[in-house]
Amino acid sequence: MENAVKTIGVLTSGGDAPGMNAAIRAVVRAGVAKGIRVMGIRRGYAGLLNEEIEEMTSRSVSEIIQKGGTILYTARSEEFRSPEGQKLGAEICRKHGIDGLVVIGGDGSYKGAAALAKHGITTVGIPGPIDLDIASTDYTIGFDTAVNTAMEAIDKIRDTSTSHERCSIIEVMGRNAGYIALWCGIANGAEDILLPERYDYNEQAIINHIIEKRKNGKSHHIIINAEGIGHSTSMARRIEAATGIETRASILGYMQRGGRPTCRDRVYASVMGAKAVDILAEGRGSRVVSYRDGVFTDYDIFEAMEMQKDIPEDQYRISKIL
Ligand code: F6P
């Protein structure tokens, strides 16, 4: 069957994530294998507007599957948020003969892809944020690496926290979502896990919990705090004052976005990249690639953007028991 598209563009947008390179590699190699020309667009939508566009070959993506970050660079573009910027973006795609576009990124990037679709560009989104906060999918690129990186860092903080018999508040990324916090909370056996989706701001309850655990002989107390709640340093000061137990805050920050992708991130990102090319080759557009209930699938981008997601209640309940 003949490909419905002749030239595909690929860009990464928003926060980078380990595994994005695996997805880019898959888009390029799957495209080339089908005889489709693949153009790499540097620096996301900002680069599209600046026409930072170059043809990629199988060789352009050698030696990248094991690397964190994105070889295409990424950016957040103010200009592209405007209707004029989006219209210009579509015109630039047409000027370069790009009749299919793969966008690897989060919610904001999906909005950009949807806007281009309205201007007649055939687009497919691949879920890119480490935060796992895309409602249409159970997997997002980089989440697995990010939680493993954070888990290892928290193990280390736990060692010193135990030696000093301290309380530690460890803040993990996730924007407004608590998935990274929940997973680390369970994996690191945290005493308290504070999620934006569930936290009631009852700090006295945390203080009481720390005092009770200390009375029962616990030598440390680990609190995983999600970025969406934040204020870990001031929280630590208040907890120390109220409990008399030395309390330190550690904000893990950008280390969670870097590093070599895990096996899962390499494989899932590769499958998603190749699937995005299949979708475009079939002439289907305005889609997002997804992993749902153990199966790789795709959804209409406009429907996907309307979907809602919440922390799995059973996981949250179990985290409280353990
Ligand atoms: O979406 C990934 C993420 O790392 C979030 O966890 C965080 O809130 C945000 O990006 C930080 O973005 P920036 O790189 O603009 O500081």
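Two strands are taken to pair if DSSP finds at least two bridges between them, and with that in mind the tour of this predicted model can begin at one such pair.

**First stop: β1 and β2.** Select residues 7–12, which form strand β1, together with residues 37–41, which form β2; the two strands run parallel and are joined by four bridges. To look at one of these positions, pick I8, whose bridge partner in β2 is V38.

**Second stop: the whole sheet.** Widen the selection until you have the open sheet of seven strands, whose order reads β3-β2-β1-β4-β5-β10-β11 and whose pairing is mixed. At the edges stand β3 (53–56) and β11 (295–300), and because each has a single partner strand, one side of each is left without a neighbour in the sheet. If you turn the view to compare adjacent strands, you will find that neighbours in this sheet are turned by 30 degrees against each other on average, with direction ignored.

**Third stop: two helices on the sheet.** Add helix α4, residues 107–118, which lies across β4 (100–105), β5 (122–127) and β10 (287–292) and runs at about 170 degrees to β5. Then show helix α9, residues 263–281, which packs on the sheet with contacts to β1, β4, β5, β10 and β11, its direction making about 165 degrees with that of β5.

**Fourth stop: the ligand.** Select the ligand next and display the residues around it, namely R76, D131, M173, G174, R175, E227, Y254 and R257. Which atoms should be labelled here? For Y254, take the polar side-chain atom that lies 2.4 Å from an oxygen atom of the ligand, and for R257, the polar side-chain atom that lies 2.9 Å from a ligand oxygen atom. At G174 the atom to label belongs to the backbone instead, a polar atom 3.1 Å from an oxygen atom of the ligand. With a surface switched on, consider that the ligand on its own has 400 Å² of accessible area, of which the protein covers 79%.

**Last stop: M307.** Move to the loop between α10 (301–306) and α11 (313–321), where M307 has its place. Is M307 buried or exposed? Its relative accessible area is 25%, so M307 counts as partly exposed, a class that lies between the limits of under 20% for buried and over 50% for exposed. Leaving aside residues up to four places away in sequence, M307 touches A135, S136 and Y299. For a final distance, draw a line from the C-alpha of M307 to that of I245: the two residues are 62 apart in sequence and 43 Å apart in space.

Terms used:
Residues numbered from 1 in each chain as written. Predicted model: local features only at pLDDT ≥ 70, side-chain atom pairs only at ≥ 80, totals over all residues. Heavy atoms only, no water. Axes fitted to C-alpha atoms, helices over the stretch in contact; angles between N-to-C directions. Contact = heavy atoms within 4.5 Å. Near = heavy atom within 4 Å. Polar contact = N/O pair within 3.5 Å; in protein donor to acceptor, adjacent residues only side chain to side chain. Areas by Shrake-Rupley, 256 points an atom, 1.4 Å probe, with all protein chains shown as cover. Buried < 20%, exposed > 50% of the residue type's maximum accessible area, 1.4 Å probe, protein only.
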